[in-house]
Amino acid sequence: MTSTLPFLPFSKPTIDEATIAAVGEVLRSGWITSGPKVQAFEAQLSEYFGGRPVRTFNSGTCTMEIALRIAGVKPGDEVITTPVSWVATANVIIEVGATPVFADIDPVTRNIDLDKLEAAITPRTRAIIPVYLSGLPVDMDRLYAIAEKYNLRVVEDAAQAFGSTWKGKRIGAFGDFVSFSFQANKNITTGEGGCLVLNNLEEARLAEKYRLQGVTRSGVDGIDVDVLGGKYNMSDIMAAIGLGQFANIEAITAHRRALARHYFAQFGSDFEAASGAQLPVPDFENSNWHLFQIILPDNGPGTRAAFMQQMAQQNVGTGYHYAPIHLFTMYRERGFTEGMFPVSEKIGRLTVTLPMFYAMTTQDVERAVATVKSILIK
């Protein structure tokens with residue numbers, strides 16, 4: 001039976017009227033590409049990350065590619081990452097001519113298993129790209145100990161982790177390169193877009209070249225190109241949205257954590273035993289709760305599709321994040337096969353994302369949980 005209640009999406013951006021008005025002001029200003037709003041957004045982001053240089057871009061994908069280029073990663077090098085992420089995480093490694101190497105994930109955190117990451121390091125390894133799935137960081141102390149031990153650069157795929165912390169320090173305020181996404185379903189959005197936190201002004205200047213065709217300007221009419229760049233700059237329209245969103249980051253993060261707590265309270269301590277499903281790690285200190293994901297019980301072929309269809313019939317939206325990268329055709333053609341990363345393959349087959357967004361209420365959480373229970377617990 002289909003629910004008569006309105007559809008509850010798994011994600012939905014919240015854009016307030018002040019932000020909408022700010023976009024209108026940009027459109028009326030005559031300066032709609034990169035300009036004063038971009039500069040203001042970068043300045044606020046830099047302050048948020050403890051004064052580190054920050055540059056904005058038109059996606060959170062090119063930020064990782066540019067970080068790899070700045071790090072000097074080139075053909076013949078290897079870069080280690082997780083199979084469970086949006087495919088961009090591995091694609092950028094191929095884009096710079098390097099070889100992607102995968103390490104399986106931890107079955108509890110669903111992030112890259114740092115023991116397996118260390119075991120995958122070879123003399124050709126130049127960098128590692130950890131992913132903070134759902135906004136939950138890996139063990140940052142161990143990550144950087146490994147990087148230092150083997151003299152590796154780190155490009156943190158923190159696309160989902162804006163507002164997350166590690167031991168009280170903001171993700172992005174420390175470490176090596178840190179890449180964030182502002183895509184539409186992220187905790188704060190610019191529609192599309194991203195930013196890269198860098199280590200020094202020299203790297204920031206190189207990032208500026210890579211984001212705009214390698215161009216360096218000087219004087220009134222001086223121009224030169226000394227690296228191969230692309231067209232990756234953020235517009236003032238996007239930055240105006242970002243400024244409006246960023247003003248609410250603390251409230252957004254606090255609300256998401258409160259929603260996550262309510263999810264756990266509603267599921268109760270006996271849900272996993274009764275349903276055979278697995279809840280995420282109940283971390284309310286470090287994670288920004290970008291996503292709330294459960295692992296379904298392994299009831300054979302069609303498990304997830306059937307579950308998602310039944311949720312949709314009750315007007316509750318779901319998603320799944322992510323299909324294992326190594327099983328895509330392009331990666332199979334590079335020699336990856338089923339069985340290489342069994343934890344990633346199982347979780348990739350059974351993970352489901354439940355509704356989680358800033359405008360959600362506790363009643364929405366209760367509705368989502370009740371619907372899940374009605375399907376999984378008979």
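**Exercise 1. Find the residues linked with Asp115 in a network of salt bridges.**

Solution. Apply the criterion: a side-chain nitrogen of Lys or Arg within 4 Å of a carboxyl oxygen of Asp or Glu. Asp115 then joins Glu118, Arg142 and Lys149 in one network. The whole structure holds 17 salt bridges.

The model is predicted: local features need pLDDT of at least 70, side-chain atom pairs count only at pLDDT 80 or more, and totals for chains, interfaces and linings use all residues. Residues are numbered from 1 along each chain as its sequence is written, and side-chain values use heavy atoms, without hydrogens and water.

**Exercise 2. Place the salt bridge of Glu42 and Arg211 in the fold.**

Solution. Start with the distance: N to O is 3.0 Å. Next, locate the partners. Glu42 sits in helix H2 (residues 36-48) and Arg211 in helix H7 (residues 201-211), so the bridge ties together parts 169 residues apart in sequence. Helices are DSSP runs of H or I, at least four residues; strands are runs of E, at least two; both are numbered from the N terminus. Last, check accessibility. Buried means under 20% relative accessible area, exposed over 50%, partly exposed in between (1.4 Å probe, protein chains only). Glu42 is buried at 10%. Arg211 is buried at 14%.

**Exercise 3. Explain why Cys195 has no disulfide bond to Cys62.**

Solution. A disulfide needs two cysteine sulfur atoms within 2.5 Å. The closest cysteine sulfur to that of Cys195 belongs to Cys62, 11 Å away, which is too far for a bond. The structure holds 0 disulfides. Cys62 is buried at 4% relative accessibility, and Cys195 is buried at 0%.
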